[in-house]
Each structure stands twice: as C-alpha cells, then as structure tokens.
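Got your viewer open? Load the model and keep the selection panel handy. We'll hop from one spot to the next.

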Amino acid sequence: MDADLIIAGGGLAGLSLAHAVAGAGLRVAVIDPVPLATATGAEFDGRVSALGRASYRMFDALGLADDMAAEAQPILDILVSDGAPSQGKYHGPSPLTLHFGHKDAGAGPLGYIVENRVIRVAQSRALARQGDIAFIAPDHVAAAVADADGVSVRLESGRTLRASLCVAADGRNSALRQKAGIRTVRWAYGQTGIVTTVHHARPHEGIAHEYFLPAGPFAILPMTGNRSSLVWTEPTARAHAIMQLDQGAFDAELAERFGSHWGAVRSDGPRWSYPLAFHLARDYIAARLALIGDAAHGIHPIAGQGLNLGLRDAAALAEIIVDAHRLGLDIGAPATLAGYAQWRRFDNMSLAVTTDLLNRLFSNDLPPLRFARNLGMALVDKIAPVRNLFLRHAAGEVGDLPRLLRGHIL
Ligand SMILES: Cc1cc2nc3c(=O)[nH]c(=O)nc-3n(C[C@H](O)[C@H](O)[C@H](O)COP(=O)(O)OP(=O)(O)OC[C@H]3O[C@@H](n4cnc5c(N)ncnc54)[C@H](O)[C@@H]3O)c2cc1C
C-alpha cells in the first residue's frame, strides 16, 4: 500500500479529513489538479465561510485555528429580515425581524466568518508542519478500481497508487462519484450569487444580516475591520448584468439594497459570481469509496451551511476510520463505510431540503407568502425555545456530533 487513504480533492473538506486522520497516524495521499500556491492566492476564491461554533472548534482541535484567529470575525448576532421593495427601491428591512444574539446561546460567539483563502493558508501551513500527508498536485484522479484487498487509484499523470480506501472530496462535479455510477438528485436555481467585499463607514458589531429581497437572499457577513462580505443573489441574467457594471453603478445598486445603517458603503476589490444549484448523491459509498463535502451534496448558500456539512462529513468519516484502524479492521470494508453513510445521510438531507424550502419561501414577492414569512419570523422571535433551537442549528451544535466537532482530537 502507498497509503491507508487516498483523498481525491484537496479543497476545504478534503484537506480537513487529511489533517484529521494523519494526526491519528494514518498515511494519507491527497491529489488535486490545483497546486497549493494557486489555491491560496487572493484571486482564487473570493468567498468567506460562516463557520458555526462547532466547525471552528474542529479547526481548533486540528491545530489550524491559531493561523486563522487574527482574520476570523466572531459572529455575535444574526439578524434575519424581509426587504420591502417600493418603486424599484429597497426601503430597508420590515419591522418584523428575527434576531439571534450570542448571549442566548451560551458562552462565546455563534461562529466565525473566515475568508476561504485564510482557511486554505492555515491548511497549507498545517500540511507543511505535519509532513506525513503526501500532497500531489497538479494531478487528478482518473479512475479508482476496487478489489478485495484495496483500491488502485490511477492518476492522470499515469501514476497508480494503492490504498485501503479512496475518498471523493472532488467537489460538486465529482468525477469519482460519476465513475462509481452514483446518481444524484439535482436542479438549478436559476440564481447566481455575486460575491464581493464592501467597506462601510461604521462598525458592524459582529452582526451577520440575512436580508431577504424578492430576487433572492442578500447576505451581509461581517469581516474583520469595517468590512463585510456579500452574497448577493439575483436571477442569473440580472446577476450577469450587475457583474458588468462599472464601480459607480455597482455601488449605487449596492447602496439601494445595503441601506445606510452602517454609514456610507462602497465595494472593494474583485467580484466573483457563483451559479447556484442543488444536488444530493443517492449513495455516499461504493466499493472502497466514500463521498464527502460537495461531492456528496451541494446546497443553496442561503444559510451558509455547505462547508459546515462538509466538515461534519470529514469529522464523522475520520472518526469511523481511525477507530477501525485502531482495532485492526479494514478501513475500506463495507461495514465500516456503511456506518459513515448512516451517520451523515439524515443531517445532510434535512439541511439540504430546509435550505431549498427557505429559498423558495423567501425568493419572491407574493403578498400572502410575504405576510406568512413575516408572521413566522415574528413568532420565532417571540418564542424563546424555538429561537434557541434555530440558534443551536446555526452554531452547528445539534445532533450526534463527531468528536472533532466537540473539540476532541481523535
Ligand atoms: C456563494 C457561496 C457562498 C457560500 N458560503 C458558505 C458559508 O458561508 N458557509 C458554509 O459553510 N458554506 C458556504 N458555501 C458552500 C461551500 O463553499 C462549499 O460547500 C465548500 O467550499 C465545498 O468544499 P469541498 O472541499 O467539498 O469542495 P470544493 O471546494 O469544490 O473542492 C473540491 C476540490 O477537488 C479538486 N478536484 C476536482 N476534480 C478532481 C479530481 N478528478 N481529482 C482530484 N481532485 C479534484 C478541486 O480542484 C478542488 O480543490 C458557499 C457556497 C457558495 C457558492
């Protein structure tokens, strides 16, 4: 065997799994078409991730949080509100808002907003420190053929590696998932998320604001300093038009939606756009293969949960295979992998469906729906136990959490 585990995809989920199992003594190879120097560059991925408290705790347990801390913005409050368009202008949030404060959810912030670039830099530093993860890039996994004793993974470069288990962490268009014949349920939202950083005159006080406009959610995610990251959702054709605007016209559209509660606002730096789609793999496992992260599910960013789910996949799979390895069991055996699929399926499916329904409920301007959702938000805001349940979901602290998400190393 060249490794115990071969991970196709060194994205945020794949590398998290690699750090978790390598820390427990397994030999890991990670393959990715993109070299780390490119993936950690400022132009590669403009997104930030809203990491729930439990996800951040996992990064801490893996020894990565110290490298993120200076650029991790604590989320102190979450504000959810419905926007009211009038004569083409957006007139700020409706008075029926939903407010989640971190003090209602026990000690510390609800989570952290961290730039994906910052997470990747922390992961690449940990790779250099750990030394026992073979990171092979640029190359990609062309095929994985399983037999009774292991799996042979053929790389595009012609090299073949052998291990007990192959993990597909190769993103939403996972080639390994397709080659294994695993089908998906999928649809496109016809929406595109515009992502950019904005500067505002006044501090955001750690408030993440999910502002529902008829075209789709407009998420304002606080970053360090007087900066926030936007995920501004529009129907795809409109998003393309907005992407083409010069800075003055873009900032005018931005100000109409952003409002003036934090003073004057202007965009800063590049804009990115991400077409939004839903997919859910029908199976998470095949012979000596397990799917994690976006290879297994892709959800609407409305609640900022996609990576949080991927990290829970990584933590659950790591725990299962480390425990099997310690008992001298085959980490790629069907019984081992079945435990992983069973653990993760319900959580992923229920969140995928919830985010889909939320997007359908909020991305429109039908008066009865507007009335119903405003009423719903006002009710949730007033009923403390319901509000606290939402809070615990946002912090990622609901359900059967793997050890890493409870802050314990494997
Ligand atoms: C606009 C937007 C905002 C979001 N905001 C949030 C948020 O606030 N919070 C949150 O939790 N989530 C958020 N998400 C979701 C989150 O970004 C994704 O769920 C997460 O990045 C997926 O990580 P991954 O490692 O599974 O996949 P990816 O990041 O897609 O990584 C896949 C990796 O596999 C590699 N690869 C591809 N093909 C091969 C191959 N054949 N062999 C080997 N390697 C291969 C790729 O190069 C890549 O490095 C957001 C998503 C969008 C679109």
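This tour starts at the ligand, moves on to a sheet, and ends with two single residues. Keep in mind throughout that you are looking at a predicted model.

**Stop 1: the ligand and its shell**

Select the ligand and expand to the residues around it: you should pick up 29 of them. Which ones come nearest? Those are Ala13, Asp32, Ala50, Asp294 and Leu307. Colour the shell by class and you'll get 15 nonpolar, 10 polar and 4 charged residues.

Now turn on the backbone atoms and look for polar contacts. Start at Ile31, where a backbone N or O atom sits 3.4 Å from a ligand nitrogen. Next, click Gly304: one of its polar backbone atoms is 3.0 Å from a nitrogen atom of the ligand. Then go to Asn308, where a polar backbone atom lies 3.0 Å from an oxygen atom of the ligand.

How much of the ligand does the protein cover? On its own the ligand has 1,000 Å² of accessible area, and the protein covers 86% of that. To see which elements contribute, show the cartoon and select α1 (12-23), β3 (48-52) and α9 (306-326); these are the elements that give two or more residues to the shell.

**Stop 2: a three-stranded sheet**

Leave the ligand and select β10, β11 and β12. They form an open sheet of 3 strands in the order β10-β11-β12, paired antiparallel. At the edges you'll find β10 (141-146) and β12 (160-163), each of which pairs on one side only. Ignoring direction, neighbouring strands here are turned by 20° against each other on average.

Zoom in on β11 (residues 151-155) and its antiparallel neighbour β12: 4 bridges join the two. For one example, pick Ser152, whose bridge partner in β12 is Arg162.

**Stop 3: Val145**

Stay with this sheet and click Val145, in strand β10. Is Val145 buried or exposed? With a relative accessible area of 55%, Val145 is exposed, because the cut-off for that label is over 50%. While you're there, draw a distance from its C-alpha to that of Arg57: the two are 88 residues apart along the chain and 36 Å apart in space.

**Stop 4: Thr196**

Finally, select β14 (residues 184-200) and find Thr196 in it. Thr196 has 1% relative accessibility, so it counts as buried, the limit being under 20%. Show its side chain together with Pro270: a polar side-chain atom of Thr196 lies 3.0 Å from the backbone oxygen of Pro270.

Terms used:
Residues numbered from 1 in each chain as written. Predicted model: local features only at pLDDT ≥ 70, side-chain atom pairs only at ≥ 80, totals over all residues. Heavy atoms only, no water. Near = heavy atom within 4 Å. Polar contact = N/O pair within 3.5 Å; in protein donor to acceptor, adjacent residues only side chain to side chain. Areas by Shrake-Rupley, 256 points an atom, 1.4 Å probe, with all protein chains shown as cover. Nonpolar A, V, L, I, M, F, W, Y, C, P; charged D, E, K, R; others polar. Pairing = 2+ DSSP bridges. Axes fitted to C-alpha atoms, helices over the stretch in contact; angles between N-to-C directions. Buried < 20%, exposed > 50% of the residue type's maximum accessible area, 1.4 Å probe, protein only.
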